[in-house]
Amino acid sequence: QLQLVESGGGLVQAGGSLRLSCAASGRTFSRSAMGWFRQAPGKEREFVAAISWSGGITYYTDSVKGRSTVSRDSAKNTVYLQMHSLKPEDTAVYYCAADYQPYSSMAVTTTAIEYDYWGQGTQVTVSS
């Protein structure tokens, strides 16, 4: 079992920055690829970024590439999503998720159904 708790969301002006955190409790974090997803009102949940459990592979959706960085701190069992140059269209509830991958240190996936555990989400609102 893995429990995930997101934090760091809030209200920010367009052009600003936020760092989201996802604290994990459970032994499988060290062998889990981690992903960030978001869901805006009236829209489907969409992939944002992911990082392999080794930290060696990261992947971003095109809309955040170049202004976002996903990272993880294994000592703290925490994964982060740093976002810069925020836009109103980034407004959404952001979720972190874990994909247990005990045999593949480089695996990442953009597909929500492949993730085993989810957090409750944190709201990000970007005002124009």
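1. Let's start with strand β8, which is mostly covered: five of its six residues are buried. Please keep in mind throughout that this is a predicted model. β8 spans residues 78-83, and several of the points below come back to it.

2. β8 belongs to an open sheet of four strands, ordered β1-β3-β8-β7 and paired in the antiparallel sense. The edges are β1 (3-7) and β7 (68-73), each of which pairs on one side only. On average, neighbouring strands of this sheet are turned by 15° against each other, direction ignored.

3. Now for the two neighbours of β8. On one side, β3 and β8 pair antiparallel over six bridges. If you would like to follow the register on screen, Arg19 has Gln82 in β8 as its bridge partner, and Leu20 stands opposite Leu81 in β8.

4. The pairing of β7 with β8 is also antiparallel and also has six bridges. Here Val70 stands opposite Leu81 in β8. Leu81 is thus a handy landmark, since Leu20 stands opposite this residue and so does Val70. β7 and β8 form a hairpin with four residues between them, and Asn77 in that turn has a positive phi of about 50°.

5. A general reminder may help when you look at these strands: in a regular strand, side chains alternate between the two faces of the sheet.

6. Which residues have the most contacts inside the largest nonpolar core? They are Leu4, Met34, Trp36, Val70, Leu81 and Tyr94, in a core of 27 residues. The elements that give two or more residues to this core are β3, β4, β5 (46-51), β8, β9 and β11 (122-127). Val70 and Leu81 therefore appear twice in this note, as core residues and as opposite partners in the β7-β8 pairing.

7. Leu4 is worth a closer look. Leaving aside residues up to four places away in sequence, Leu4 touches a list of residues that includes Met34, Ala24, Ala98, Tyr117 and Trp118. Both Cys22 and Cys96 are among the residues that Leu4 touches, which brings us to the disulfide in a moment. There is also a second, separate core of five residues, including Phe37, Phe47, Ala97 and Tyr115.

8. How many disulfides does a search of the whole structure find? The search finds one. Cys22 and Cys96 form this link, with their sulfur atoms 1.9 Å apart. The pair links distant parts of the chain, with Cys22 in strand β3 (residues 18-25) and Cys96 in strand β9 (residues 92-100), 74 residues apart. The link is right-handed, with 45° about the S-S bond.

9. Are the two cysteines buried or exposed? Cys22 counts as buried because its relative accessibility is 0%, and Cys96 counts as buried at 0% as well. As a general point, a disulfide is a covalent bond between the sulfur atoms of two cysteines.

10. On to the charged side chains, where the count comes to four salt bridges. Arg38 takes part in a bridge with Glu46, at 2.6 Å from N to O, and in a bridge with Asp90, at 2.9 Å from N to O. Asp90 lies in the loop between β8 and β9 while Arg38 is in strand β4 (residues 32-39), so this pair ties together parts that are 52 residues apart in sequence.

11. The burial of these partners is worth checking by eye. Arg38 counts as buried because its relative accessible area is 5%, and Asp90 is buried too, at 1% relative accessibility. Glu46, by contrast, is partly exposed, with a relative accessible area of 35%.

12. Asp62 forms a salt bridge with Lys65, and their closest N and O atoms are 3.0 Å apart. Asp62 counts as exposed at 62% relative accessibility, whereas Lys65 counts as partly exposed at 48%. Which residues do salt bridges with shared partners join into one network? Arg38, Glu46, Arg67 and Asp90 make up that network.

Notes:
Residues numbered from 1 in each chain as written. Predicted model: local features only at pLDDT ≥ 70, side-chain atom pairs only at ≥ 80, totals over all residues. Heavy atoms only, no water. Disulfide = S-S within 2.5 Å. Buried < 20%, exposed > 50% of the residue type's maximum accessible area, 1.4 Å probe, protein only. Core = buried A, V, L, I, M, F, W, Y, C linked by side-chain atoms within 4.5 Å. Contact = heavy atoms within 4.5 Å. Pairing = 2+ DSSP bridges. Axes fitted to C-alpha atoms, helices over the stretch in contact; angles between N-to-C directions.
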